[in-house]
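I opened this one with a fresh notebook page and a cup of coffee. Here is what I looked up, in the order I went.

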Amino acid sequence: MDLKHRLLWETFGYTEFRPGQLKLIDAMLAGRDVLGVMPTGAGKSICYQMAGMLLRGVTLVISPLISLMQDQVTALQRAGISACFINSSQSAEERRDAIAAASAGRCKLIYIAPERLEMLRFHDVLHKLKISMVAVDEAHCISQWGHDFRPSYRRIPQFLESLPERPVISAFTATATAQVREDIIQSLHLHQPERLITSFDRPNLYYEVRRPYDRERQLLRFVQEHPGQCGIIYCLTRKKTEELAQYLCDNQISAAAYHAGLDAMTRRAVQRKFLSGEIPVITATNAFGMGINKADVRFVVHFGMPRNLESYYQEAGRAGRDGEPAHCLMLFDEADIGLHEYLIRQDPENPALTDEKVVWLKKQNLRRLEQMKRYVFTEQCLRQHILAYFGQDAPDFCGQCSNCESTSVEKDITTDAQKILSCVYRVKEQCDAEQLCDILRGEPDTGYASVSTFGIMRDTERAEILTEMHRLVGIGCLVRQENPSRLSLTAAAKPVLFENKRVTLRVRADISAQEQRLARESRASDNPQLSRELREFRKNIAKLRGKPAFSIFSDKILEKLVQKRPQTAEQLEHIAGTADLRGREKEKLLQMLRDH
DNA sequence: CGACGAACTTATATAAGTTCGTCGGTGCAATATT
């Protein structure tokens, strides 16, 4: 057995190298720069760790997260490798010791954050060492975070140039498009690096996209369909993580929220409980993930569309690390798109960026958002779409995503389209989608009761009208104006209105069946409007008292109220006797129930 | 864009309705005057 295989077995516990690992390690040992793009546990860190051990001098590992450094260093030390980190989590004393150990050459691998490279005081320490290699872990941060969020990432080359001798430079990441790969190579000044780009395909992941009527409910259903399994639910805001954790708990699902606004102790506790399986479901912002190595995550739900496909791929990719089947579900809403667009157009609050750069960055981000949008709207294979984004060829049919699995059905919506378009015309293009919906459905108080299209879609579900409107925007018959937001007609609407040009909508057979079931159930068992009102009512009281909603009355009681609809104080007492309501509030509740 | 909270208004003396403004995600780093 050669040295490398022995090391692999003795320190890392593997008998075989994964494809490509040896090639990269040999390249580094031969003094060549390296770029490794290796999705999921393909053993990125083993590459630079082993090379670091075998190289003559010290290897400096640039890592984005303190927790990542701690995990890796602990693992290395346990395997008997002399490694250390230097960061702000240490006391002054610990840091001094670490620096002393490093200066004395007692550390083969030193982990630090890129910010530290900018501290001139620290240069003295580093310049005394013989640095054989600088390894940049999670190198996509250069592109993803480097521009506005953590600019130190882009100043790594300045540090490299300050070194008396140019070390080997290696960069590793799990997620990088061709463009990001080039960006990494350029910004780190890699010299003709040996590249290894392994496949981005994760065959055990099932991808699904849904645009549900009621996201919360779909989420609950989905989680209930995965009893006892571990999963992550990504949200766009901190607040949403808290709300959903509460909602799931109210429904007897053990869940906890995780975001950067929580204090360090809570964060650690939540993370620990998730890893141990004590809390199987985590609702989180994108703060959760990097460095979380849990192999048996069975599902990742995106409650809201992320701002680009890299983020999506990375987050969804936390499912099924063990290679067993896992489900990646995206529940999106059009409002998500508007929000991202708005935020990107907003000026970044970073004075260090030049105007030129700001313009470039916005354009870049909008382009990436565009790709994300295409993913949620495509009727093609989702897997193929993702792989194509990372520059990888794939068949048009994977059979392992919601688009492939469902036989999509084409529905003719020409008549509805004509009704909608003519309504837009009748209101002189002064209304937004919601208002148009109200008018078409003949809701009271729209102020447009006299137009001829008022109430002509009374029998169509609101969400269906919105979907159809969306389709009309999609095919260019309608455009969304900004400030105020209104829908207006384009020339493309004419053939539809006057020449009966066909408009179709692809509805997926299975989803629409599911939606029908949902709709049927909600008609039989409840009244969506009433339950919305009750929820609202409950939320307001809860807010007034500063208590969580379920403490006023549970969802179970809420459901019973909708079904039985008590009319008298006595009946109400029977159903909601345990509710935390005051006399006045009970009266109001009764009033609401009677009104329905 | 849209949700939410604070401040203000409203028709009458307390609570509801309205308008306006703010905010939304990610993490390293750290230390000196009365």
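**Entry 1: what the DNA touches.** I began with the contacts of the strand, keeping in mind that this is a predicted model. Of the atoms of DNA strand B within 4 Å of the protein, I found that 58% are sugar or phosphate atoms, and the rest belong to bases. On the protein side, 32 residues surround the strand, and the closest are Met119, Trp145, Arg238, Lys239 and Tyr342. I sorted the residues of this surface by character and got 14 nonpolar, nine polar and nine charged.

**Entry 2: polar pairs.** Which part of DNA strand B does the side chain of arginine 307 approach at 2.6 Å? I looked, and the partner of its N or O atom is a base nitrogen. Tyrosine 342 also has a side-chain N or O atom by a base nitrogen of the strand, at 2.7 Å. For arginine 150, I noted a polar side-chain atom 3.4 Å from a sugar or linking oxygen of DNA strand B.

**Entry 3: which elements supply the surface.** I then listed the elements that give two or more residues to the surface near DNA strand B: α11 (238-250), α14 (334-345) and α23 (528-545). The largest share comes from α14, with five residues.

**Entry 4: domains.** The domain assignment splits chain A into domain 1 (3-197), domain 2 (205-404), domain 3 (408-508) and domain 4 (528-594). I took the C-alpha centres of domain 1 and domain 4 and got 58 Å between them.

**Entry 5: a helix check.** I picked α4 (residues 66-78) for a quick test of its length. With 13 residues at 1.5 Å a residue, the helix should span 18 Å, and its end C-alpha atoms are indeed 18 Å apart, so the two values agree. Next I asked which residues of α4 are buried. They are Leu68, Met69, Gln72, Val73 and Leu76. These residues cover an arc of only 120° around the axis, so they sit on the same side of α4. That fits the textbook picture: an α-helix has 3.6 residues a turn, so residues three or four places apart point the same way.

**Entry 6: positive phi.** Last, I looked at two backbone angles. Histidine 189 is not a glycine, yet its phi is positive, about 50°. It belongs to the loop between α9 (178-187) and β7 (194-197), and its relative accessibility of 42% makes it partly exposed. Lysine 428, another residue other than glycine, has a positive phi near 55°. I found lysine 428 in the loop between α18 (414-426) and α19 (433-440). Buried or exposed? At 64% relative accessibility, lysine 428 counts as exposed.

Terms used. Residues are numbered from 1 along each chain as its sequence is written. Chains are lettered from A and ligands numbered from 1 in the order in which they are written. This is a predicted model: local features need pLDDT of at least 70, side-chain atom pairs count only at pLDDT 80 or more; totals for chains, interfaces and linings use all residues. Side-chain values use heavy atoms; hydrogens and water are left out. A residue is near a molecule or strand if one of its heavy atoms lies within 4 Å of it. A polar contact is a pair of N or O atoms within 3.5 Å; within protein, one must be able to donate a hydrogen and the other to accept it, and residues adjacent in sequence count only if both atoms are side-chain atoms. Helices (H or I, at least four residues) and strands (E, at least two) are DSSP runs, numbered from the N terminus. Ala, Val, Leu, Ile, Met, Phe, Trp, Tyr, Cys and Pro count as nonpolar, Asp, Glu, Lys and Arg as charged, and the others, Gly among them, as polar. Domain bounds come from an automatic or database domain assignment. The expected span of a helix is 1.5 Å times one less than its number of residues. Buried means under 20% relative accessible area, exposed over 50%, partly exposed in between (1.4 Å probe, protein chains only). The arc is that of the directions from the helix axis to the C-beta atoms.
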